[in-house]
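Q: I would like a close look at a single part of this model, set in the context of the chain as a whole. Please begin with the overall layout and then turn to the residue in question.

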Amino acid sequence: MAKIEKLWFEDGRIYICTDEKQVLSRPLEAFPSLKDATEQERQDFKIDRFGDAVRWDGIDEDIHISSFYETVEPDYDNEIAEAHRNADIHIHDLSMLTGYC
């Protein structure tokens, strides 16, 4: 398995470069703790001794290299997201779908 050699953040994404010189990235939305972190907190990471994971002690976040092989990108323009942005749906409306206890 490849090992993480370098990690950086750019344009709302997290990137890694492996020892096989492969560059992989994921949107920060895939890792909410990192998305909400400050730039200083994001830069305070350690690549583990096996090179297959990254640890952020300050925000209690761990990411394994396998997370970067996920190719499905979040779909921010789906029907539910659009309804939420337009305030067409409210959390209390969801109770109609589940019934009451």
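What pattern does the protein chain follow when read along the sequence, and where does Thr18 lie?

A: This is a predicted model. Along the sequence, the elements of the protein chain follow the pattern β-β-β-α-α-β-β-β-α-α, and its secondary structure amounts to four helices and six strands. The protein chain has 101 residues, of which 29% are buried. About 7,200 Å² of the protein chain is exposed, with 52% of that area supplied by carbon and sulfur atoms. Of the contacts between residues at least 6 apart in sequence, 39% join residues at least 24 apart.

Thr18 belongs to strand E2, which covers residues 13-18. Strand E2 is part of an open sheet of three strands, ordered E1-E2-E3 and paired antiparallel. Strand E1 (4-10) and strand E3 (23-27) are the edge strands, each pairing on one side only. From one strand to the next, the twist averages 20 degrees.

The antiparallel strands E1 and E2 are joined by six bridges. Thr18 in E2 is the bridge partner of Ile4. Ile4 also appears among the contacts of Thr18 beyond four places in sequence, together with Ala2, Lys3, Glu5, Leu24 and Ile65. Leu24, one of these contacts, falls within the range of strand E3 (23-27).

As for exposure, Thr18 has a relative accessible area of 0%. Thr18 is therefore classed as buried, because that term applies under 20% relative accessible area.

Technical notes: Residues numbered from 1 in each chain as written. Predicted model: local features only at pLDDT ≥ 70, side-chain atom pairs only at ≥ 80, totals over all residues. Heavy atoms only, no water. Helix = DSSP H or I, 4+ residues; strand = E, 2+ residues; numbered from the N terminus. Buried < 20%, exposed > 50% of the residue type's maximum accessible area, 1.4 Å probe, protein only. Contact = heavy atoms within 4.5 Å. Pairing = 2+ DSSP bridges. Axes fitted to C-alpha atoms, helices over the stretch in contact; angles between N-to-C directions. Areas by Shrake-Rupley, 256 points an atom, 1.4 Å probe, with all protein chains shown as cover.
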